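Visitor: I should like to understand the reasoning behind the terms used for this structure. Please set each value against its definition.

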Amino acid sequence: MDAKSRIPDRWLRDGNPWEIKRPEDTRRVRFYGRTENYYDEHGTLRPRLVDSHDVLAVPFDMPVPGYRNDTVNTLRLWKASTTDVFNLSEFNAGSYPEAVAAKNDAEQISMVLYPNDASENGKELRLKQQYFLVSSSLQDVIARWVEQHGEDFSDFGRKNCFQLNDTHPACAVPELMRLLMDEHGLEWDDAWDVVTRCMAYTNHTLLPEALERWSVGLFSRLLPRLLDIIYEINARFLKLVDQQWPGDVAMRREMSLIEEGDNPHIRMAYLAIVGSFSVNGVAGLHTQLLESGLFKHFNTLWPRKFNNKTNGVTQRRWLSHCNPGLRDLLNETIGEGWQKDLTKVKELAPHAADADFRKKWIEVKQQNKARLSDLVVAETGVRFDTSFMFDVQVKRIHEYKRQLLNVLHIVHLYDRILRGETAGMVPRCVLIGGKAAPGYHVAKLIVKLINDVAKKVNNHPAANDLLKVVFFPNYRVSSMEVICPATELSEQISTAGKEASGTGNMKFMMNGALTIGTLDGANIEIRENAGAENFFLFGLDASEVAELKKDYRPNDIIAADEDIVRIMNLLESGHFNPDNPGLFDLLTSGLRNPQDPWVTIADLRAYIDAQGEVGKAYQDVDHWNQMSILNTAGSGWFSSDRTIQQYADDIWDVRPLS
């Protein structure tokens, strides 16, 4: 059977897959604009909802073919439209913008996801987006259910599962309650039984400040019915808390779905936990820290809810597709079975001792480095020498991921070059890439620092033969497909206990990069699978970070280390920003601050020393490439096939079609 014949007819137009919309599947999502007070017939002052409006959710179906399994799944996407495309009366009155205001307001919901939410308008748009996607999807599933089963929802929870990917879709819990009660007549207990049998929550962050919270004021204005339901869920949940911790008012306050205060907020992660039958982390350490820290009281209440599902990536994109040279070498050496079952890549391990195989391995890496060098010069004007080590850190720009720690090491190498202390220094090209959230000022300042340091380094004649640095602009998936196969050193240097998992670390490992990293997120499992001797470990672990914060003195650490003193002097003297003095004071003062949550200075000496070990290892070409091969051979655990199978077996209770 060929690929075309496996695609349903409705997806074919001129013989090719085509996204389509079916008008009969259009859904209506209702928002409220504001409330106003009025007096009823008894003279009582009451609130009334006004400016309510419906947004049309127009479906688009995208076929997603499986890999050589005769299966095509459907990804349903939604576009926001409006019931009133044009208001003729507004137009005739001369209010031309108002004539199309409803259309514009509706369409902006799905125009650009994740707007800057630093402003109140940005927050409102983001909540609208979340509710729009959740409500239209739930309505769609329920409509299909009613077509097949009528109004009997007794088996709905067993036949459906909604995986809440972090808290963005957490309003699915009250929205499904609303749909079941208001639209289909279920009583509260019956509806709650359905909801709590079909909702499952995946947490992706250990940062308390990153857990989504919505102000009660905004929620009451946009989604008043959902707010009523959330308050009822909370009231019933707090009765359970009282049973577990009788008379403990502080515990009630700590676990409440509503964070009280002058401006009360809804804790969406707590709502997701209470409404779900399963809560999982995405790496072994991450799940342990959720259970013992962030959600410890919920784990006490419901220990059987919590489980781990370590993330994975697909080898078909992140090895086979993006690294054709390595794909062909693997196929030639161990066969093609690894593309469907990545555990078979362990058969590669014995070949690490084969000199002829290592020669082929090096040839593939050099071809990939040449490809990346061409991309870098096209994007930045800087030419990477393929004889240098390619040292890469690409990920979201965030303080806990510690791109700043990487920059401090670059400044250290630059300082050594300036002082002529280059004995044993391995030439390296450092590439840093990633995007900062629109309103994240410190992250953008770090990007500016990287660029300013790169400008100094790349224009200093003494550094030409030893160091090149670029900040890769507009980092994206297509660029990662070139970056990943060429990388030799993967930087996974987050503060221990802060990274949930990471997936870039898995992509690099799969392609034979060696990791320098902390015991954080999936790094722990990468080190276990690659072998500790094939991983460059440094820094404090999560428990040591917590202990250090009780009495952290970064200025004492700086003063006691001449290398770090010189690094800080270069930064604080304005060496990299002579035309804009004081530009990076926020960053340097943060490094010196005893309250620095990322304890960057505490790990700097260990990081510099570990980078020294990297340089020594890189000089032994045979040994380096043995370690590289063993990293790829140990990557079988990190396939998304394994991850999804665990979700299917342990959470969704689904089996593949025969």
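Guide: A definition comes first: two strands are said to pair if DSSP finds at least two bridges between them. The model under discussion is a predicted one. In it, six strands form an open sheet with parallel pairing, in the order 17-16-15-18-19-20.

Visitor: What makes strand 17 and strand 20 the edge strands?

Guide: Each of them pairs on one side only. Strand 17 covers residues 467–472, and strand 20 covers 536–537.

Visitor: How do you know that strand 19 and strand 20 pair?

Guide: The definition asks for at least two bridges. Strand 19, residues 514–517, and strand 20 are joined over two bridges in the parallel sense, so the requirement for a pair is met. One residue pair can be named: Ile516 has Phe536 of strand 20 as its bridge partner.

Visitor: What makes strand 8 and strand 9 a pair?

Guide: The same test applies, with at least two bridges required. Four bridges join strand 8 to strand 9, residues 199–202, and therefore the two strands pair. They run parallel, and Met199 in strand 9 is the bridge partner of Phe162.

Visitor: Which residues of strand 8 form the covered face, and which the uncovered one?

Guide: Phe162 and Leu164 make up the covered face. Gln163 and Asn165 make up the uncovered face.

Visitor: The loop after this strand contains Asp166. Why is Asp166 called buried?

Guide: Buried means under 20% relative accessible area. Asp166 has 14% relative accessibility, so it counts as buried. Its loop lies between strand 8 (162–165) and helix 6 (172–183).

Visitor: What is notable about phi of Asp166?

Guide: Phi of Asp166 is near 65 degrees, a positive value in a residue other than glycine. Asp653 likewise has a positive phi, of about 55 degrees, and is not a glycine.

Visitor: Is Asp653 buried or exposed?

Guide: Exposed means over 50% relative accessible area. Asp653 stands at 54% and therefore counts as exposed. Asp653 lies in the segment after helix 28 (640–652).

Visitor: Why does Val241 count as buried?

Guide: The limit is again under 20%. Val241 has 1% relative accessibility, so it counts as buried. Val241 belongs to helix 9, residues 224–244.

Visitor: Which residues does Val241 touch, leaving aside those up to four places away in sequence?

Guide: A contact requires heavy atoms within 4.5 Å. By that criterion Val241 touches Met251, Arg252 and Met255. A separate value concerns His297, 56 residues from Val241 along the chain: the C-alpha atoms of the two are separated by 9.6 Å.

Visitor: How do you know that the radius of gyration of the whole chain agrees with that of a compact globule?

Guide: For 658 residues, the globule rule gives a radius near 26 Å; the chain has 28 Å, which agrees. Along the principal axes, the C-alpha atoms fill a box of roughly 90 × 65 × 65 Å.

Visitor: What else describes the chain as a whole?

Guide: The chain has 28 helices and 20 strands, and 50% of its 658 residues count as buried. Among contacts between residues at least 6 apart in sequence, 71% join residues at least 24 apart. The accessible surface comes to about 30,000 Å², with 49% belonging to carbon and sulfur atoms. There are 75 positive and 91 negative charges, and the mean positions of the two groups are 2 Å apart.

Notes: Residues numbered from 1 in each chain as written. Predicted model: local features only at pLDDT ≥ 70, side-chain atom pairs only at ≥ 80, totals over all residues. Heavy atoms only, no water. Rg over C-alpha atoms; globule rule 2.2 N^0.38 Å. Buried < 20%, exposed > 50% of the residue type's maximum accessible area, 1.4 Å probe, protein only. Areas by Shrake-Rupley, 256 points an atom, 1.4 Å probe, with all protein chains shown as cover. Lys, Arg positive; Asp, Glu negative; His and termini not counted. Charge placed at Lys NZ, Arg CZ, Asp CG, Glu CD.
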